[in-house]
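Trainee: Could we go through this protein together, so that I learn where the labels come from?
Mentor: Gladly; ask away and we will set each label against its definition.

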Amino acid sequence: MKKLVITVMLISFSTALFASREVKGLRIWSGPDDTKAVLDLSDQVDYKLFQLDNPPRVVVDIEQTSLKNSLSVTSNPVIKNIRNGKKGKNTLRLVFDLNEKQKAKSFLLKPAQQYGHRLVIKLENEQVQKKTVQQVLNKKDRDIIVAIDAGHGGEDPGATGASGTYEKVLTLQIANKLAEIINKEKGMKAVMIRDGDYYVALRKRFIKAREAQADLFVSIHADAFTDPKVRGMSVYILSKNGATSEAAQWLAQSENKSDLVGGVVLEDKDNVLAKVLLDLSQNAAMDSSLKAASEVLKSLKKIESPHKKYVERASFVVLKSPDVPSMLIETAYISNPDEEKRLKTSDFQNKLADKIKDGIKAYFYQSPPPNTWIANHVTAKKHIVASGDTLSGIAQSYNVTMTDLKKANNKNSNTILVGEVLVLPNTLP
Ligand SMILES: [Zn+2]
């Protein structure tokens with residue numbers, strides 16, 4: 001009799017245990033390359049995924065799991081509907097009805113940041129046509145292409161501000177503004193790495209920039225730090241040997257975790273690329289990165305004094321492009337309540353975008369890639385500072401105002417150096 005009681009208790013205990021595994025919710029992120037359905041789980045699960053045709057659908061059987069809240073899909077271009085049912089006694093069956101056939105991949109993610117255990121179902125359109133890369137490099141008077149990367153996105157919100165603002169939202173707003181004013185510049189064209197609320201894998205970000213044959217890659221961020229008093233902008237380029245300061249190191253790690261948060265760690269197996277990274281071409285790209293980043297920082301200093309006086313170096317994955325000069329701009333710390341508030345205003349976002357553009361422009365006016373409109377039309381009109389030159393003397397001899405001359409060269413002071421190349425504003429487009 002005693003024995004029987006124990007057995008009964010064991011059964012009910014294990015049933016309770018199984019039933020405690022739950023699917024708690026669903027988030028769907030759709031980008032141009034794929035759609036990710038993220039199921040929030042109470043615990044790690046065992047599951048099976050398979051696909052069926054006519055009509056196209058993806059079926060996921062999650063063992064020993066129940067559904068906590070009903071799941072729904074609202075106006076998604078890829079997933080038409082989600083249904084649930086039971087397979088056997090304890091297996092939850094979820095059926096994703098698709099608008100057209102997709103290639104499904106799936107993986108589990110461990111808890112990270114604000115998320116718990118997750119099951120990610122990634123749907124890739126099989127018909128995604130590889131955009132034919134334009135042969136722009138040989139085109140005479142081509143535009144300079146600036147790839148703008150809005151940090152984070154989709155499942156990865158980035159840092160969260162003191163009053164709850166998501167970094168991913170601000171980065172996209174600033175990136176959009178930057179693209180808009182770059183596109184107004186003659187000889188320059190912006191390409192957005194992401195243009196909506198979806199996640200792009202870190203390595204894919206610079207690969208996309210390379211595919212667009214970008215001359216420069218600019219990643220926009222607004223991060224957080226443990227100390228809410230920390231404030232100010234910073235501009236980073238890639239370091240080969242890790243970060244130069246403790247804060248930079250902390251940031252480098254936190255940024256790189258995105259690959260786990262976004263769930264792309266499985267894709268990160270590109271050995272060929274890893275070798276290319278060691279290539280000498282990266283050294284040249286890094287020299288250019290430093291020049292470009294220095295111009296951007298110089299320009300941003302006109303808004304306020306930055307967090308760090310100099311361009312910093314960190315091992316951010318997005319900066320690891322083997323041949324595209326790259327920089328990452330921390331526009332502010334959204335962990336600082338004042339900065340968070342300011343960063344949300346379109347006035348400040350416009351200011352930021354404008355100064356970043358000025359810095360980029362100054363860099364390309366000084367070092368334009370061959371065949372570009374800027375190389376062919378702007379560079380001939382420069383003045384190289386000689387011994388004995390003064391800024392006012394130069395302004396006078398070219399019949400331009402000091403204000404215009406300083407503006408065209410991103411200068412705050414009248415100091416010039418022998419050998420410095422000055423762009424003449426009356427020759428600007
Ligand atoms: Zn960030």
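What follows is a conversation about how the labels on this structure are earned.

Mentor: Two ground rules. Residues are numbered from 1 along each chain as its sequence is written. The model is predicted, so local features need pLDDT of at least 70 and side-chain atom pairs count only at pLDDT 80 or more, while totals for chains, interfaces and linings use all residues.

Trainee: How do you know how confident the predictor is in this protein?
Mentor: We read the pLDDT, which is the predictor's confidence in each residue, from 0 to 100. The protein averages 82, and 82% of its residues score at least 70. Among its elements, β10 has the highest mean pLDDT, 98, and helix α5 (residues 258-261) the lowest, 36. Over residues 129-136 the pLDDT is below 50, and that stretch has 4 contacts in the model beyond near neighbours in sequence. A contact means that two C-beta atoms, placed from the backbone, lie within 7 Å. Residues 242-251 also stay under 50, and the model has 17 contacts for them beyond four places in sequence.

Trainee: What makes something a helix or a strand here, and how many are there?
Mentor: Both are DSSP runs, numbered from the N terminus: H or I over at least four residues for a helix, E over at least two for a strand. By that rule the protein has 12 helices and 17 strands.

Trainee: Why is H152 called buried while N54 is called exposed?
Mentor: Count the other C-beta atoms within 10 Å of the residue's own, with C-beta atoms placed from the backbone: 20 or more is buried, 12 or fewer is exposed, and in between is partly exposed. H152 has 29, so it is buried. N54 has 6, so it is exposed.

Trainee: And what is N350 called?
Mentor: N350 has 15 such neighbours, which lies between the cut-offs, so it is partly exposed. N350 is in helix α9 (residues 346-366). Its C-alpha is 7.5 Å from that of I174, although the two are 176 residues apart in sequence. Over the whole protein, 38% of the 429 residues count as buried.

Trainee: What is unusual about the backbone at N54?
Mentor: Most residues other than glycine have a negative phi, and most peptide bonds are trans. N54 is not a glycine, yet its phi is positive, about 50°. The bond joining N54 and P55 is cis, with omega about -5°. Both N54 and P55 sit in the loop between β3 and β4. H152 also has a positive phi, near 65°, and is found in the loop between β10 (144-150) and α2 (167-183).

Trainee: How do you know that β13 pairs with other strands?
Mentor: Two strands pair if DSSP finds at least two bridges between them. β13 (residues 234-238) has 3 bridges to β15 (residues 326-330), so they pair, and they run antiparallel. There, V235 stands opposite I329. β13 also has 3 bridges to β14 (residues 312-314), this time parallel, and Y236 has E312 as its bridge partner. As for cover, 5 of the 5 residues of β13 are buried.

Trainee: What makes β5 and β8 edge strands?
Mentor: They belong to an open sheet of 5 strands in the order β5-β1-β2-β9-β8, with mixed pairing. β5 (66-67) and β8 (102-109) each pair on one side only. β8 pairs with β9 (residues 118-125) in the antiparallel sense over 8 bridges, and L108 stands opposite L119.

Trainee: What makes a set of residues a nonpolar core?
Mentor: The members must be buried Ala, Val, Leu, Ile, Met, Phe, Trp, Tyr or Cys residues joined through C-beta atoms within 7 Å. The largest such core has 95 residues, and V146, A147, I148, A214, V218, V296 and M327 touch the most other members. α9 gives the most to this core, with 8 residues.

Trainee: How do you know that the length of α2 fits a helix?
Mentor: The expected span is 1.5 Å times one less than the number of residues. α2 has 17 residues and reaches 24 Å from first C-alpha to last, close to the expected 24 Å. Its buried residues, including L170 and I174, pack against β10, β11, β12, α8 and α9.
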